[in-house]
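I opened my notebook today to look up a few helices, turns and strands. Here are my entries, in the order I made them.

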Amino acid sequence: MNKIKRYPDDSFEFHNEVLNSKHFRPKDPTYKIRIKALGPQVKAQFDCHDKEFDNDNLHVLKPCNLTKSEQEDLKSLYDYDSKPFQRLNLILTTRDNGHIQPVCPLCTINNANTLDHQIPKTKFPELSDHPRNLIPCCSECNSYKSDNWLNGPDRRYLNLYIDTLPDKQYLFVNLSLESGTVKVEFSIDNREGLDPVLYKKIENHYGDLKLCKRFANNSYNIISELGNMISGLCSLLSDDDIKNYIEKKECEMRRVYGFNYWKSLLILECCRKEDIFQFLKNPY
């Protein structure tokens, strides 16, 4: 996973766009009027969020003093399928070269099909439609992520708008051949000495989202595809040339998806372990 671009425009203007997109409710005719009346409180919280976001101090935010009904009104602003949020998702998943990168940045397994509230809307309903509090993600990550967004005085999870992950390995894969099958196990470890505060966020992020288990469960199709590629190339290239080709390809993938991109680490380990490589080259 890698740091991703943030929403570039005015945050409160996005809130106004969301509110204006809401249809009149005949059974609740004062709905939009009530939310508009909360505008000064919401704007003050948006401004506070943006200031602390830039300073990486989001943990100091305090929720607004709202009634239960006001909280429900503000939470109802979020609707992933509505035009403003679909536009937001398109902005956040479009790379500088104009290509859309739909992969969930929280896991890099599934495609992003929803938006996750970095600061939970259950605790900060006034931030339910703040565009810098929303990050593209898959529904699986969204379901695993807890509303407990703080770990003591600090953020519990990685915020990929803010956190820069270093080019140091903390994700490791162990492979073994057992009864004609490649067994896969992922784990995280701070053997390269990452900053302890950052590593704790990584540990919580990977643990709560069950990433190591999910990586392992999704490994077998990757290994099968790799085996097909190696078998197809073995009549044209030497083993060393095949490994060099794969290594160059995966170095590029790690630039796109991060130094600890699980697919690349898996593929590279398959090539580095000679018994695994030969098994994939000649599986029968």
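Before the first entry, a definition I needed: a helix axis is a line fitted to C-alpha atoms over the stretch in contact, and angles between N-to-C directions run from 0 to 180 degrees. I also kept in mind that this is a predicted model.

**Entry 1: a helix pair.** I looked up how α9 and α12 meet. Helix α9 (residues 219-233) packs against helix α12 (residues 274-281) at an angle of about 70°, and their axes are 8 Å apart. Angles of 65 to 115 degrees count as roughly perpendicular, so α9 is roughly perpendicular to α12. I then listed who makes the contact: α9 brings Ile223, Leu226, Gly227, Ile230 and Ser231, while α12 brings Phe277, Leu280 and Lys281. Sorted by class, the contact of α9 with α12 holds five nonpolar, two polar and one charged residues.

**Entry 2: helix α3.** Does the length of α3 agree or disagree with the expected span? I took the 16 residues of α3 (residues 39-54) at 1.5 Å a residue, which should give a span of 22 Å; the end C-alpha atoms are 22 Å apart, so the two agree. Next I checked which residues of α3 are buried, and found Gly39, Val42, Gln45, Phe46, His49, Asp50, Glu52 and Phe53. The partners of these buried residues are α1 (11-21), α2 (31-37) and α4 (68-75).

**Entry 3: two positive phi values.** Just after α3 I stopped at Asp56, whose phi is positive at about 55°. Asp56 is a residue other than glycine, and it sits in the loop between α3 and α4. Is Asp56 buried or exposed? Neither label fits: its relative accessible area is 31%, so I noted Asp56 as partly exposed.

I made a similar note for Lys210, which is not a glycine and yet has a positive phi of about 55°. Lys210 belongs to the loop between α7 (196-208) and α8 (211-217). With a relative accessibility of 41%, Lys210 counts as partly exposed.

**Entry 4: a strand pair.** I finished with the strands. Which way do β1 and β2 pair? Strand β1 (residues 114-117) and β2 run in the antiparallel sense, with four bridges. I followed one bridge from Thr114 and arrived at Cys137 in β2.

Then I looked at the two faces of β2. In a regular strand, side chains alternate between the two faces of the sheet. In β2 (residues 134-137), Leu134 and Pro136 lie on one side and Ile135 and Cys137 on the other; all are buried, and both faces are covered.

Key
Residues are numbered from 1 along each chain as its sequence is written. This is a predicted model: local features need pLDDT of at least 70, side-chain atom pairs count only at pLDDT 80 or more; totals for chains, interfaces and linings use all residues. Side-chain values use heavy atoms; hydrogens and water are left out. The expected span of a helix is 1.5 Å times one less than its number of residues. Buried means under 20% relative accessible area, exposed over 50%, partly exposed in between (1.4 Å probe, protein chains only). Contact means heavy atoms within 4.5 Å. Angles under 35 degrees count as roughly parallel, over 145 as roughly antiparallel, 65 to 115 as roughly perpendicular and the rest as oblique. Ala, Val, Leu, Ile, Met, Phe, Trp, Tyr, Cys and Pro count as nonpolar, Asp, Glu, Lys and Arg as charged, and the others, Gly among them, as polar. Two strands pair if DSSP finds at least two bridges between them.
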